[in-house]
Amino acid sequence: MDVTALSLGDPLEPARKATAEMLQNRERTFSLPQPFYSDERLFKIDMQEIFHKEWLIAGMTCEIPAKGNYLTLQLGDNPVMVVRGAENKIHAFHNVCRHRGSRLCVSEKGKVAKLVCPYHQWTYELDGRLLFAGTEMGADFNLADYSLKPIHVKTAGGYIFISLAENPPAIDDFLRTLEHYMEPYDMANTKVAVQTNLLEKANWKLVLENNRECYHCNGSHPELLNTLLEWDDVTDPRATQAFKDQVSECTTRWDRDNIPYAHASFGLRNRIVRMPLLKGTVSMTMDGKPGVKKLMGRITDPDLGSMRILHLPHSWNHCMGDHIIVFTVWPISAQETLVTTKWLVHKDAVEGVDYDVENLRKVWDATNDQDRRLAEENQRGINSTAYQPGPYSKTYEFGVVNFIDWYSERMLANLGAEPAPYLRQVNE
């Protein structure tokens, strides 16, 4: 229960009603009204109704490989921790001491025997049980009443998913499929070779919209187009016959090696599909050659193209034979977003021997920075009094339309509002 909202009234209630009305009345194939990209009240609603209620990728299981390993993240005003406990079980908690509310874990990552609050040394087991609060609390103090507040957590295919919702949306069908598609990579035996954090002065939805289309790629991403073929599938309306022939040739090899590749979708929220890279290239490096000599898992052929994984509201991924790239988007304010990129390799790959970090990250360092500039210029224009929603291309920007459809459907549902007429055929 939100005690503050209960006692003071919800100051966002008028903005909630306005949000629902704008989504119900907007033109489906046009960009969103200005407040969705610039208004701090609507940003708070985004956090409450999307980022606090949907499933998010908190990190990778390889980042917390042993008992006591933890990672932390900040989700709006909510500090969160994920920790591996006894019997290999992964737990997620609000990173808030039950004494006076201090954060427990203050580092981004670490390893502990117990969870100890740095303020007054209240001590918790890795499963969240309060073990010690000191004799100062009195003889009648019951430790069992003050366990850490848990967060829903699930794992699949090396990914850690969390949801702050009381009753998160169903996701198990996608997770079973993700587990199957990630099997060749043996994610338990991977590591993060390098991570970058890029602050973009743009609304998180603009970051996602930019990602969901390649309409801008030819004019903006020379490094990426050394290897990337922009089509999502052979059903893409722009796909050429040469591309379809290349896909047919590749899938014959992938079938031989038992490598999953078929397009799998779960509503508009999740999609997995393996697509070839530009002919003659096998990895997203400047020259298209493997960035890591030691291939992942049971993979023997580096020419696996890129398996693309979409997870709305905030992640896209590229999985190649030699390495995996995981992108996550974290809203900071109405016009600031943190984009985190992680490059994963085989855990036995040796830096400086099997891979060079600079070479591994060069393509996406350039691409991320190019996208940052595009999103920031997009934000600056949207802030203008001249901005009004503009039309999306139904071919080149169909992925953006799908993202906004998903966002609109989930926002209206989570607000408890009537679905928009144009969304009646959109299913989660």
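How far is the sulfur of Cys-62 from the closest cysteine sulfur, and in which residue does that closest sulfur lie? In this predicted model, the sulfur of Cys-62 is 12 Å from that of Cys-319, the closest cysteine sulfur, which is too far for a bond. A search of the whole structure finds one disulfide, and an open sheet of four strands is also described below.

**The disulfide**
- The disulfide joins Cys-214 to Cys-217, with an S to S distance of 1.9 Å, and both Cys-214 and Cys-217 are buried.
- Because the torsion about the S-S bond of Cys-214 and Cys-217 is about -100°, this disulfide is left-handed.

**Cysteines outside the disulfide**
- Cys-62, whose sulfur has its closest cysteine counterpart in Cys-319, is buried, with a relative accessible area of 13%.
- Cys-97 is in no disulfide, the nearest cysteine sulfur being that of Cys-117 at 3.9 Å, a separation to be read against the cut-off for a disulfide, which requires sulfur atoms within 2.5 Å.
- Cys-97 also counts as buried, at 4% relative accessibility.

**The sheet**
- The four strands of the open sheet follow the order 4-3-2-5, and their pairing is antiparallel.
- Strand 4 (90-94) and strand 5 (109-111) stand at the edges, and each has a single partner strand, so one side of each is left without a neighbour in the sheet.
- From one strand to the next, the twist averages 25°.
- Strand 2 (residues 69-75) and strand 3 (residues 78-84) run antiparallel and are joined by six bridges, and Leu-71 stands opposite Val-82 in strand 3.

Methods. Residues are numbered from 1 along each chain as its sequence is written. This is a predicted model: local features need pLDDT of at least 70, side-chain atom pairs count only at pLDDT 80 or more; totals for chains, interfaces and linings use all residues. Side-chain values use heavy atoms; hydrogens and water are left out. Two strands pair if DSSP finds at least two bridges between them. Helices (H or I, at least four residues) and strands (E, at least two) are DSSP runs, numbered from the N terminus. Axes are lines fitted to C-alpha atoms, for helices over the stretch in contact, and angles run from 0 to 180 degrees between N-to-C directions. Buried means under 20% relative accessible area, exposed over 50%, partly exposed in between (1.4 Å probe, protein chains only).
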